Amino acid sequence: MLPQDVSGAPGRGTWHHHSKPPKGRTRTMSSRHDSVTTEMELRLVMGDGADRQVRAELTYSPGDPYAVRIGFHTGGDDVVEWTFARSLLTDGVTHPVGDGDVQVWPCTGDSREQHVRLSLARQSGKALYEGPLPRLVQFLTQTYALVPTGCESDFVEVGAELAMLLGED
């Protein structure tokens with residue numbers, strides 16, 4: 001499956017479908033900076049009540065300071081990765097946000113536990129995930145310790161970004 005890019009506007013994201021890298025190799029956006037990564041179980045909410053657990057890996061890198069990546073492990077070596085604005089996930093832990101392909105909002109589960117819901121849509125369908133609010137807040141707190149709000153532009157390598165846009169190596 002080929003990657004599909006969608007607008008970088010709030011509530012929009014980019015998704016990619018790929019297989020895991022070979023053992024011993026990792027995918028990184030920038031080896032120059034530290035990154036924040038956490039794994040957690042998210043609940044894939046199914047309309048028929050047959051919800052299932054999905055392992056997800058959230059990653060934040062100062063090399064792409066405005067974005068958060070979530071890789072959903074769908075079985076075997078398959079990973080479906082979404083990239084969207086860190087601020088969208090941050091805002092979504094307190095109130096509903098997003099009016100495009102990515103929507104995030106807080107909710108209370110059956111056991112009165114606080115969760116965050118994440119709705120991801122593309123032409124072929126829509127998926128609704130639910131994750132633990134405390135784990136997401138912990139992840140986001142670590143990302144803001146690495147790159148504080150308002151300092152994102154200090155981490156953008158303008159020359160490298162221009163070279164990428166122009167197709168230069």
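Is Phe-72 buried or exposed? With a relative accessibility of 1%, Phe-72 counts as buried, the word being used for anything under 20% relative accessible area, with exposed kept for over 50% and partly exposed for what falls in between (1.4 Å probe, protein chains only). The structure is a predicted model, so to speak a computed one, in which local features need pLDDT of at least 70 and side-chain atom pairs count only at pLDDT 80 or more, while totals for chains, interfaces and linings use all residues. Residues are numbered from 1 along each chain as its sequence is written, and side-chain values use heavy atoms, with hydrogens and water left out.

First, the general layout. The protein chain has 3 helices and 8 strands, taken as DSSP runs numbered from the N terminus (helices: H or I, at least four residues; strands: E, at least two). Read from the N terminus, the order of elements is β-β-β-β-β-α-β-β-β-α-α. Of the 169 residues in the protein chain, 37% count as buried. Some 43% of the contacts between residues at least 6 apart in sequence join residues at least 24 apart, a contact being heavy atoms within 4.5 Å. The protein chain exposes about 10,000 Å², and carbon and sulfur atoms supply 51% of that area; accessible areas come from the Shrake-Rupley method with a 1.4 Å probe, and for residues only the protein chains shown count as cover.

Back to Phe-72 and its ring. The count of aromatic pairs comes to 1, where rings of Phe, Tyr and Trp (its six-membered ring) pair if their centres lie within 6.5 Å, and planes under 30 degrees apart count as stacked, over 60 as edge-to-face and the rest as tilted. The partners are Phe-72 and Tyr-129, and they are stacked because their ring centres lie 4.2 Å apart with the planes at 20 degrees. This pair links distant parts of the chain, with Phe-72 in strand 4 (residues 67-75) and Tyr-129 in strand 8 (residues 125-132), 57 residues apart. Tyr-129 is also buried, at 11% relative accessibility. Another ring has a charge for company: Arg-86 lies over the face of Tyr-144, 3.8 Å from the ring centre. For that label, NZ of Lys or CZ of Arg has to be within 6 Å of the ring centre and within 35 degrees of the ring normal.

Now for the charged pairs. Side chains of opposite charge can pair when their charged atoms come close. The structure holds 7 salt bridges, each a side-chain nitrogen of Lys or Arg within 4 Å of a carboxyl oxygen of Asp or Glu. Arg-43, Asp-51, Arg-117 and Glu-130 are joined in a network of these bridges. Within the network, Asp-51 meets Arg-43 at 2.1 Å, N to O. Asp-51 is partly exposed at 28% relative accessibility, and Arg-43 is partly exposed too, at 23%. Arg-43 also bridges to Glu-130, with the closest N and O atoms 2.8 Å apart. That pair ties strand 2, home of Arg-43, to strand 8, home of Glu-130, across 87 residues. Glu-130 itself is buried, with a relative accessible area of 7%. Arg-117 meets Glu-130 in a further bridge at 2.7 Å, N to O; here strand 7 is linked to strand 8, the two residues being 13 apart. Arg-117 is partly exposed, at 22% relative accessibility.

Strand 7 (residues 114-122) also carries Ser-119, which is buried at 4% relative accessible area. Not counting residues up to four places away in sequence, Ser-119 touches Asp-101, Val-102, Gln-103, Trp-105, Lys-126, Ala-127 and Leu-128.

Asp-34 makes a contrasting case. Asp-34 sits in the loop between strand 1 (13-19) and strand 2 (36-44) and counts as exposed at 56% relative accessibility. Leaving aside neighbours within four places in sequence, Asp-34 is in contact with Pro-62 and Leu-146. Its C-alpha atom is 8.9 Å from that of Gly-63, 29 residues apart along the chain.

Finally, the surface. Tyr-66, Val-156, Val-158, Leu-162, Leu-165 and Leu-166 make a nonpolar patch of about 620 Å². Patches are made of residues with over 30% relative accessible area and no salt bridge, like charges being joined within 9 Å and nonpolar side chains (Val, Leu, Ile, Met, Phe, Trp, Tyr) within 5 Å. One of the patch residues, Leu-162, belongs to helix 3 (residues 158-165) and is partly exposed, with a relative accessible area of 47%.
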